[in-house]
Amino acid sequence: MKSIFDNVSKECSKLVTNAYSTSFSMATKMLSDSIRQDIYNIYGFVRFADEIVDTFHDYDKETLFKHFEDDLERALRDKISLNPILNAFQETYHKYNIDKHLVDAFMNSMRLDLHKKDYLSEEEYRNYIYGSADVVGLMCLKVFVKGDNTKYNELKDSAMRLGSAFQKVNFLRDLKADFEDLSRTYFPNTDLNHLDEASKQAIITDIENDFAEGLKGIKRLPLEARFGVFMAYRYYSKLLEKLKKTPALEIKSTRIRVPNYKKVELLTRSYVKYQLNLL
């Protein structure tokens, strides 16, 4: 039965989310049942595309990416795919009428990671972040507002700023792996060979500005989504706080993280803030 295959596809997306990201899966569990699975479906799709370009070093990544891209196009066109991750994603895509431009922009940024190593201008940097993070936030926003275009347009800018903040925190946290293992430099006008406190602080100030605008949007999200997104915001804010306290040279040599027990503590405190309307 087709319904069995669809349920298996959704379970695969949920499994991918839980396996790859404890923080994102924890935040997703805080969403309403009515939208949680669709966020799993989006995460599964973007995670697999990212895995191809970031980790499959012993394989022809360009060919794998092309196969994945072709399978994606067929899934969106035919409304079915034998790739369970894409089958789950296409259901969410059609259910909420997600703009194809968002999917294309995401895939374009992932394609850049196959070869592009340096982002030398602010425009290149912003365009990459738009495709790799902002549009993912917009896909999720479509789910959060359940396809309500008026509400979507009201919250669109804040969702993009929040997506940008999350991505920039990831860039700063993963500085060592991106620079040493993948030879990538995302931050323009920044010499990562001689990262100093002033450069680090400029990056952090930019992220804090994004977070401030993103929080405004979180406060206006539908109840079904608000606490889950707030939880993600709190986690990334905590990560940024740790990065802010870490010397620039240490950021270059290690990966900063929030331990799991701290995430549970953060969840408890976030819930209290949410219940007391202290967002």
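**Entry 1: Lys146**

I began with Lys146, which sits in the loop between H7 and helix H8 (149–173). The model I am reading is a predicted one. I looked up the backbone of Lys146 and noted a positive phi of about 55°, although the residue is not a glycine. I set this against the general pattern: most residues other than glycine have a negative phi. For its surroundings, I recorded that Lys146 is partly exposed, because its relative accessible area is 44%, and partly exposed covers the range between under 20% and over 50%.

**Entry 2: Asn97**

I then turned to Asn97, in the loop between helix H5 (84–95) and H6. Its phi is near 55°, a positive value in a residue other than glycine. Is Asn97 buried or exposed? I entered Asn97 as exposed, since its relative accessible area is 57% and the cut-off for exposed is over 50%.

**Entry 3: the chain as a whole**

I next checked the overall make-up. The chain holds 13 helices and zero strands. Read along the sequence, its pattern is α-α-α-α-α-α-α-α-α-α-α-α-α. I noted that the chain has 279 residues, of which 50% count as buried. I also looked up the contacts with a separation of 6 or more: residues 24 or more positions apart account for 71% of them.

**Entry 4: H6 against H7**

I examined helix H6 (residues 100–112) and helix H7 (residues 122–144), whose axes come within 8 Å and cross at roughly 140°. How are H6 and H7 oriented to each other? I recorded them as oblique, because roughly antiparallel would require an angle over 145 degrees. The crossing in which H6 passes H7 is left-handed.

I listed the residues that make this contact. From H6 they are His101, Leu102, Val103, Ala105, Phe106, Ser109, Met110 and Leu112. From H7 they are Asn127, Tyr128, Tyr130, Gly131, Ser132, Val135, Val136, Leu138 and Met139. Sorted by class, the contact of H6 with H7 has twelve nonpolar and five polar residues, and no charged ones.

**Entry 5: H4 against H6**

I then followed H6 to helix H4 (residues 61–78). The axes of H4 and H6 come within 12 Å and cross at roughly 175°. I therefore entered H4 as roughly antiparallel to H6.

On the H4 side, the contact is made by Phe65, Phe68, Glu69, Leu72, Glu73 and Leu76. On the H6 side, I found Lys100, Val103, Asp104, Met107, Met110 and Arg111. Which classes do the residues of this contact fall into? I noted seven nonpolar, no polar and five charged residues in the contact of H4 with H6. Val103 and Met110 of H6 stand in this list, and I had also entered them for the contact with H7.

**Entry 6: Phe144**

I returned to H7 to look at Phe144, which is found in that helix. Phe144 counts as buried, because its relative accessibility is 11% and the limit is under 20%. Which residues does Phe144 contact, leaving aside its neighbours within four places in sequence? I listed Leu31, Ile35, Ile39, Leu221, Pro222, Ala225 and Val229. I also looked up the pair Phe144 and Asp38: they are 106 residues apart in sequence and 9.5 Å apart in space, taken C-alpha to C-alpha.

**Entry 7: H10 against H11**

I moved on to H10 and helix H11 (residues 223–245), whose axes come within 11 Å and cross at roughly 165°. I therefore recorded H10 and H11 as roughly antiparallel to each other. Their crossing is left-handed.

H10 contributes Lys200, Gln201, Ile204, Ile207, Glu208, Phe211, Leu215 and Ile218 to the contact. H11 contributes Arg226, Val229, Phe230, Tyr233, Tyr236, Ser237, Leu240, Leu243 and Lys244. By class, I noted eleven nonpolar, two polar and four charged residues in the contact of H10 with H11. Val229 of H11 also appears among the residues in contact with Phe144.

**Entry 8: Lys200**

I closed with Lys200, which lies in helix H10 (residues 197–218). Is Lys200 buried or exposed? I entered Lys200 as buried, since its relative accessible area is 2%. What lies 3.4 Å from a polar atom of the side chain of Lys200? I found the backbone oxygen of Leu243 there. Not counting residues up to four places away in sequence, Lys200 touches Leu195, Leu243, Lys244, Thr246, Ala248 and Ile251. Of these, I had already listed Leu243 and Lys244 on the H11 side of the contact with H10.

Definitions and conventions: Residues numbered from 1 in each chain as written. Predicted model: local features only at pLDDT ≥ 70, side-chain atom pairs only at ≥ 80, totals over all residues. Heavy atoms only, no water. Axes fitted to C-alpha atoms, helices over the stretch in contact; angles between N-to-C directions. Helix = DSSP H or I, 4+ residues; strand = E, 2+ residues; numbered from the N terminus. Parallel < 35°, antiparallel > 145°, perpendicular 65-115°, else oblique. Left-handed = near helix turned anticlockwise from the far one by under 90°. Contact = heavy atoms within 4.5 Å. Nonpolar A, V, L, I, M, F, W, Y, C, P; charged D, E, K, R; others polar. Buried < 20%, exposed > 50% of the residue type's maximum accessible area, 1.4 Å probe, protein only. Polar contact = N/O pair within 3.5 Å; in protein donor to acceptor, adjacent residues only side chain to side chain.
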